[in-house]
Amino acid sequence: MTSRQLSVQPPSGAPSGGRLFGKKGKRVLPGFALSLGISLFFVSLVLLLPISGLVVETSGMGWGRFWSVITDPRVVESYKVTAWTALAASLFNGVFGLLLAWVLVRYEFPGKRLVDAVVDLPFALPTAVAGITLAGLFSQNGWYGQWLTQLGIDVAFTPLGIVVAMSFTSIPFVVRTVQPVLEDLAPEDEEAAITLGASDTRVFRQVVFPAIWPALVTGIALSFTRSLGEFGAIIFIAGNMPYVSEVTSLMIFIRLQEFDYAAASAIASVVLLVSLVLLFAINLWQARFLRRLAGR
């Protein structure tokens with residue numbers, strides 16, 4: 001008897017056909033209530049409680065005080081620096097994250113498992129360690145910086161350094177979002193297009209890319225959202241010059257050092273609102289895309 005002929009028989013009294021639901025829709029597998037309770041407790045403890053504390057801290061301020069804090073010229077400039085550097089890093093990750101995912105899925109080469117594991121390094125590495133390392137590498141005497149300086153490119157202690165740090169910490173979002181979609185693509189579609197005379201570029205543009213672009217857009221958006229709140233990897237390489245290379249997370253830290261918790265909460269609420277709106281828009285767009293895809 002081969003492994004394909006083996007089957008698991010349901011226990012006596014279980015619904016026929018291997019269904020997970022009884023006659024009245026009740027789950028046969030136990031533990032749902034306990035799992036749901038633990039999940040809700042975790043969400044409340046880790047997510048809802050800090051957000052509630054942020055809202056309570058901010059609500060103690062008057063509207064005039066709140067508005068003056070979040071529209072301070074120095075804070076507004078930090079919004080701009082954070083937004084355009086996060087956008088640049090996300091677009092960079094969109095291109096090179098797609099290439100990296102493509103290589104990991106479509107090619108076999110020595111050390112592939114190692115490269116695949118290194119992709120998750122930014123998740124495991126403390127961001128402060130990443131910031132110190134990047135600052136050392138891209139400084140004028142660093143391994144990379146000494147060559148870039150000769151070309152007139154300064155990375156460390158400039159806004160470009162912020163882009164480098166954000167790219168490093170958020171590129172796994174693009175790779176890990178696109179990679180499973182590439183793995184699930186049926187090679188028959190590409191083979192049929194090649195058989196009909198399509199070039200490799202046309203196959204990618206008209207067969208592969210339409211299937212992966214929702215995942216790619218999602219990865220870029222997640223990379224952007226992650227970059228908005230990055231702190232540890234940035235402060236060591238940014239230079240932190242007012243109106244030049246100060247990010248919003250640094251402004252929150254400065255207000256905390258001044259023991260102005262209300263102002264820090266007000267600035268943090270702006271970042272939180274932008275992140276939540278972006279994530280909600282992504283989920284809404286994905287839901288509409290899946291409904292439209294299912295209706296074809």
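**Entry 1: the main core**

I began with the largest nonpolar core of this predicted model. The core holds 38 residues, and Ile 162 and Ile 234 touch the most other members. I then listed the elements that give two or more residues to this core. They are α2 (63-70), α3 (73-106), α6 (127-138), α8 (159-184), α10 (200-228), α11 (232-238), α12 (248-257) and α13 (261-294). Which of them gives the most? I found that α13 does, with seven residues.

Next I looked up the partners of Ile 162. I left aside its neighbours within four places in sequence. Ile 162 is then in contact with Val 81, Thr 85, Ile 234, Ala 238, Ser 245 and Val 247. Ile 234 is thus on the contact list of Ile 162, and both are named for touching the most other core members.

I also noted another core, apart from the main one. This other core has 14 residues, among them Val 105, Ile 171, Val 178 and Leu 182.

**Entry 2: the whole chain**

I stepped back to the overall make-up. The protein has 13 helices and zero strands. Read along the sequence, the pattern is α-α-α-α-α-α-α-α-α-α-α-α-α. Of the 296 residues, 33% are buried. I took the contacts with a separation of 6 or more, and 72% of them join residues 24 or more positions apart. The protein exposes about 18,500 Å². Carbon and sulfur atoms supply 68% of that area.

**Entry 3: Ser 227 and Val 56**

I picked Ser 227, which sits in helix α10. Is Ser 227 buried or exposed? Its relative accessible area is 0%, so I wrote it down as buried. Not counting residues up to four places away in sequence, Ser 227 touches Ala 86, Met 166 and Ser 170.

Then I turned to Val 56, in helix α1 (residues 32-59). Val 56 counts as exposed because its relative accessibility is 58%, and the cut-off for exposed is over 50%. I checked Val 56 against Ser 265 as well. The two are 209 residues apart in sequence. In space, they are 9.2 Å apart, C-alpha to C-alpha.

**Entry 4: helix α12**

I went through α12 residue by residue. How many of its ten residues are buried? Seven are, and the helix is mostly covered. The buried ones are Thr 248, Ser 249, Leu 250, Met 251, Ile 252, Ile 254 and Arg 255. After α12 comes Phe 259. The phi of Phe 259 is positive, near 60 degrees.

**Entry 5: a nonpolar patch on the surface**

I looked for nonpolar side chains on the outside. Phe 41, Phe 42, Val 43, Leu 45, Val 46, Leu 47, Leu 48 and Leu 49 form a surface patch. Together they have about 770 Å² of accessible area. I checked one member, Val 43, which lies in helix α1. Val 43 has a relative accessible area of 32%, so it is partly exposed. As a general note, nonpolar side chains tend to be buried together in soluble globular proteins.

**Entry 6: salt bridges**

I counted seven salt bridges. One of them joins the side chains of Asp 260 and Arg 65, at 2.8 Å, N to O. This pair links distant parts of the chain, 195 residues apart. Asp 260 is in the loop between α12 and α13, and Arg 65 is in helix α2. Asp 260 is partly exposed at 23% relative accessible area. Arg 65 is partly exposed too, at 39%.

I looked up Lys 112 and Glu 108 next. They form a salt bridge, the closest N and O atoms being 3.1 Å apart. Lys 112 counts as buried, at 18% relative accessibility. Glu 108, by contrast, is exposed, with a relative accessible area of 69%.

Asp 120 forms a salt bridge with Arg 176, with 3.0 Å between the closest N and O atoms. Where do the two partners sit? Asp 120 is in the loop between α4 (112-118) and α5 (121-124), and Arg 176 is in helix α8. They are 56 residues apart, and the pair links distant parts of the chain. Asp 120 is partly exposed at 30%. Arg 176 counts as partly exposed at 25%. I closed with Asp 116, which is linked with Asp 120 and Arg 176 in a network of salt bridges.

Note on methods: Residues are numbered from 1 along each chain as its sequence is written. This is a predicted model: local features need pLDDT of at least 70, side-chain atom pairs count only at pLDDT 80 or more; totals for chains, interfaces and linings use all residues. Side-chain values use heavy atoms; hydrogens and water are left out. A nonpolar core is a set of buried Ala, Val, Leu, Ile, Met, Phe, Trp, Tyr and Cys residues joined through side-chain atoms within 4.5 Å. Buried means under 20% relative accessible area, exposed over 50%, partly exposed in between (1.4 Å probe, protein chains only). Helices (H or I, at least four residues) and strands (E, at least two) are DSSP runs, numbered from the N terminus. Contact means heavy atoms within 4.5 Å. Patches are made of residues with over 30% relative accessible area and no salt bridge: like charges are joined within 9 Å, nonpolar side chains (Val, Leu, Ile, Met, Phe, Trp, Tyr) within 5 Å. Accessible areas come from the Shrake-Rupley method with a 1.4 Å probe; for residues, only the protein chains shown count as cover. A salt bridge is a side-chain nitrogen of Lys or Arg within 4 Å of a carboxyl oxygen of Asp or Glu.
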